[in-house]
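Biologist: Pick one strand in this model and take me through it closely, please. I'd like to hear what it pairs with and what it packs into.

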Amino acid sequence: MTRPRPAPDRPLSRRALLRWGAGATLLAACGGGRRAVASADARLPTPAVVDDDDHDDLPAIAAAPACSAPTADNIEGPFFKAGAPHRAVLVADGDPGERLIVGGRVLSTDCAGLGDVELEIWQADARGDYDLDGYRYRGALRTAADGAWRVTTVVPGRYLNGSRYRPAHLHVKLRAAGHRPLTTQLYFAGDPYNDGDPFIVPSLIMPHRVERGVRRAGFDFVLEPA
Ligand SMILES: [Fe+2]
């Protein structure tokens with residue numbers, strides 16, 4: 001079933017998206033191979049996003065793990081590709097999929113924010129496909145002085161791993177001076193494929209909510225001193 005959605009007639013800034021909403025829905029998962037077929041909703045054109053508000057507040061939701069415990073690692077998977085461009089907006093105008101803003105801070109185990117951390121993120125597009133030829137839905141950024149990070153993208157589509165779907169997830173690598181590098185994944189609370197996934201780690205599941213039509217999720221990474 002396709003839910004009604006507003007149809008903005010001009011590009012919207014991220015601030016405008018938050019203010020008025022894009023009206024998307026979470027993807028349904030079905031399909032074969034590493035390509036998952038998205039729901040009819042995901043195929044609808046979506047509003048353009050203009051990166052004009054990089055200094056807005058971070059998403060209100062934060063996982064807020066105890067910063068004495070380093071973030072769990074998680075498998076890299078087969079779709080990592082070195083050399084991602086420096087950017088924090090992965091979604092392009094007109095891309096299908098539910099808009100997602102995800103962010104938080106990168107902390108050390110003493111709870112201090114870590115600036116200038118290289119954070120690399122890669123994910124499937126809304127249909128569950130990774131771009132192995134180019135760099136769609138791949139980006140690298142550096143954290144702000146207080147450790148803040150934020151990425152604007154779409155909710156990743158699910159894809160088959162063998163005979164079952166992996167839950168929606170984001171892949172992340174972090175590299176910080178004086179700290180052990182981290183390769184991990186972030187998951188979404190409530191994904192029906194979380195249960196039974198062979199790779200998921202409960203502490204990597206993000207809270208999230210839809211606010212004015214844009215899904216917002218938060219996660220604070222904690223890196224272990226080397
Ligand atoms: Fe993956």
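Modeller: Terms first: two strands pair if DSSP finds at least two bridges between them, and strands (E, at least two residues), like helices (H or I, at least four), are DSSP runs numbered from the N terminus. This is a predicted model, so local features need pLDDT of at least 70 and side-chain atom pairs 80 or more, while totals for chains, interfaces and linings use all residues. Numbering starts from 1 along each chain as its sequence is written, and side-chain values use heavy atoms, without hydrogens or water.

My pick is E12, residues 182–188. It belongs to an open, five-stranded sheet with mixed pairing, ordered E7-E6-E11-E12-E13. The edges are E7 and E13 (205–206); each has a single partner strand, so one side of each lacks a neighbour in the sheet.

On one flank, E12 runs antiparallel to E11 (169–175) over six bridges. The two make a hairpin with six residues between them, and Gly178 in that turn has a positive phi of about 75°. Across the pair, Lys173 faces Thr183 of E12, and His171 faces Gln185. On the other flank, E12 pairs with E13 in the parallel sense over two bridges, with Tyr187 opposite Ile205.

His171 also takes you to the metal. The iron ion has His171 (NE2), His169 (NE2), Tyr130 (OH) and Tyr159 (OH) as its protein donors (N, O or S atoms within 2.8 Å of the metal, or 3.2 Å for Na, K and Ca; water is not among the atoms, so sites may look incomplete). They lie 1.9 to 2.1 Å from the ion. Tyr130 sits in the loop between E6 (118–122) and E7 (138–142), and Tyr159 in the loop between E8 (148–154) and E9 (160–161), so these two tie together parts 29 residues apart in sequence.

How enclosed is E12? Six of its seven residues are buried (under 20% relative accessible area with a 1.4 Å probe, protein chains only; exposed is over 50%, partly exposed in between), so the rest of the structure largely encloses the strand.

That fits with the packing. The largest nonpolar core (buried Ala, Val, Leu, Ile, Met, Phe, Trp, Tyr and Cys joined through side-chain atoms within 4.5 Å) has 33 residues, with Val106, Leu119, Trp149, Leu174 and Phe221 touching the most other members. E12 supplies the largest share, four residues. A separate core of five residues includes Phe79, Trp122, Ala124 and the donor Tyr130, which is buried at 4% relative accessibility.
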